[in-house]
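The reader is invited to examine the sequence and the three-dimensional structure shown below. The paragraphs after it serve as a guide for a first reading.

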Amino acid sequence: GFDLPPPPRSCCIGRTKSMRVSILFASAAADTACTALPNPTACLNGTDCSWLMLKGACHHALSPEALGSPLRCCSSTHEDSLCQHRTDVLPDGSCSLEDSAQSGSFDITYATRMLHLAGAAYCPQDQVEGWSCGIHCSNTAGIESVTYIHDAAQKLAGLVAYDSQQNAAVVAFRGTVSSSIKDWAHDLAYTKTNPLTKYPDAGVHHGFWDSWKDVSDDVVSAVKQVMSTNGATKVLVTGHSLGAAMAADAAMDMKLSYGWETSVVNFGSPRAGDKNYEAALATEVPSFWRITHHHDLVPHVPPEKFGFYHSMTEVFFPDEDYTSLSHVVCDGSGEDATCSDKCAAELACTSVDDHLHYMGFVLGGDNCASAASIVV
C-alpha cells in the first residue's frame, strides 16, 4: 500500500533543533513561489521545490505537502529532500502505487484518491473528459483516457479512465440526482433480485442492480479499451451514495463475468443486498472498504430489518467536523454496532450534511470547476 507520511525531515537530517525550526518556517514562506510553477520541468528548474505526482502540483521541498508525500511519488533536487526521483522526466508507473486492497489494510491516502474520483463523477461531461473538473481532478494526477458514462433517461453518470499511477482501470459512479436526499432515502424500494448464477441465494437490491446494468455495457466497453491500450489488469471501483451501491454491483459483476481483479472503496453507501450477497462480495471482492461519516442517513437504508446487510469492511469517520481524518476500522462484520450503526440505535442517523461531506471534501456538483446545482 501507500507509505505513511514520513516523519518530519527534521528527525532524519542531523541538524540542530534551532536550524530545523528555521528551515520549516522558511519552507512555508517560500511555498507560494513553488506552487506557481505549472509542470515538473519548471518545478525542478530550481533547487527549492518538489513535484508531487499524486497532486500534480509543485510545492516547496520542505512544505507540509511535500513532507507528507510518499517518497516514491515525488521528485526534487533539494539537498534535504528524501524524494526518490531527481528528474523532471517521470514515466508512467514511476510512482508505483498499489491500492490498499493489495496490502489488506486501510490506507487513507489511497482512499482520498478514490474519493476524488467519486467526486469527479458528479461533474459535467466536458470537464470530466478534459480532466479539468476543479478540486477533484486537480488532486488526482495521472488520470488518462477518460470516458464519460451517462444514461440520461435514468439520470445516471460516471467515468472510466486509466490511472497511470496505479496501472489500473478506474470506474466511478455519481450519486442520485435529486432535489432531496431525504425524499430519495424515504422512497427507496426494498425489493431484491437474484441475478448471480454462481450465488443463486444472494439477494441484491433490485433498483441498484438495475442502475448498474443500465450502464454496464458502456462501462465494460471502456474498461476493455483501457486494458487493451495500457496493459492494465485490475479495476478499481468507487462511488458515492447510489453510486456507492452501483460500485459494489459493478465490482461483483465484472469479477464474475470477466474474471477481472476488482476492488472497491465507496462512500456513504446504502445497503446493496442481503447477508448472502455480503458473503459473496467478501469472497469475490475481498478488497472492499466502505467509508461512513458520523450521522450520514444513507448507510441506514434499506433497513436491516427488511433483510438487507452491509458489506465489509466499514471505515467510520465519527467526527461531525468533516475535515477531521480521525477514523475507526470497524470489526469486519459489515454491521459493527460501535461504528455508524451506533447512531441507528440512538435514532440519530438523519444527517444529509454528513452524507455530502467526507474526509475534508464536499461531494456533489458544487465542487466542480463551474458549479451549477448540487447533485446528491
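What follows passes from the whole chain to one helix, then to a cavity, and finally to several individual residues.

The model is a predicted one. The protein chain has 376 residues, of which 55% count as buried. Its secondary structure comprises 13 helices and 15 strands. Of the contacts in the chain with a separation of 6 or more, 66% are accounted for by residues 24 or more positions apart.

Helix α11, formed by residues 275-284, offers a useful place to begin a closer reading. Which residues of α11 are buried? They are Tyr277, Glu278, Ala280, Leu281 and Glu284. These residues lie on the same side of α11, because they cover an arc of only 160° around the axis. On the other side of the helix, Lys275 and Thr283 are exposed. The buried residues of α11 pack against the strand β8 (204-205), the helix α10 (242-258) and the strand β11 (288-293). At the N-terminal end of α11, Asp274 acts as a cap. A side-chain oxygen of Asp274 lies 3.1 Å from the backbone nitrogen of Asn276.

The discussion now turns to internal space. Rolling a probe the size of a water molecule over the atoms shows where empty space is left. In this model, a search of the whole structure finds two cavities of 30 Å³ or more. The largest cavity holds about 70 Å³ of space. Its lining is made up of 15 residues, and those that lie nearest its centre are Ala272, Leu281, Tyr309, His310 and Ser311. The elements that give two or more residues to this lining are α11 and β11. The largest share, three residues, comes from α11. Leu281 thus appears in two settings: this residue is one of the buried residues of α11, and it is among the residues nearest the centre of the largest cavity. Sorted by class, the lining has seven nonpolar, five polar and three charged residues.

Backbone geometry comes next. Most residues other than glycine have a negative phi, and most peptide bonds are trans. Where are cis peptide bonds to be seen here? One joins Val301 and Pro302, with omega of about -15°. Another joins Met312 and Thr313, with omega of about 5°. Pro302 is placed in the loop between β11 and β12 (314-317), and Thr313 is also in the loop between β11 and β12.

Thr313 leads on to Cys330, which is found in the loop between β13 (328-329) and α12 (341-345). Although Thr313 and Cys330 are 17 residues apart along the chain, their C-alpha atoms are separated by 6.6 Å. Leaving aside its neighbours within four places in sequence, Cys330 is in contact with Thr313, Glu314, Phe316, Asp336 and Cys339. Is Cys330 buried or exposed? Cys330 counts as buried because its relative accessibility is 9%, which is under the 20% cut-off.

Two residues that are not glycine have a positive phi: Trp131, with a value of about 45°, and Ser241, with a value of about 65°. Trp131 is placed in the loop between α6 (125-129) and α7 (135-138), and at 16% relative accessibility it counts as buried. Ser241 is situated in the loop between β9 (234-240) and α10. Ser241 is buried as well, with a relative accessible area of 0%. Helix α10, which borders the loop of Ser241, is also one of the elements against which the buried residues of α11 pack.

Notes
Residues numbered from 1 in each chain as written. Predicted model: local features only at pLDDT ≥ 70, side-chain atom pairs only at ≥ 80, totals over all residues. Heavy atoms only, no water. Buried < 20%, exposed > 50% of the residue type's maximum accessible area, 1.4 Å probe, protein only. Helix = DSSP H or I, 4+ residues; strand = E, 2+ residues; numbered from the N terminus. Arc of directions from axis to C-beta. Contact = heavy atoms within 4.5 Å. Polar contact = N/O pair within 3.5 Å; in protein donor to acceptor, adjacent residues only side chain to side chain. 1 Å grid on protein atoms, 1.4 Å probe; cavity = no way out; pocket = protein on both sides within 12 Å on 5 of 7 lines; lining within 4 Å. Points joined across faces, edges and corners; volume = space filled by probe spheres on them. Nonpolar A, V, L, I, M, F, W, Y, C, P; charged D, E, K, R; others polar.
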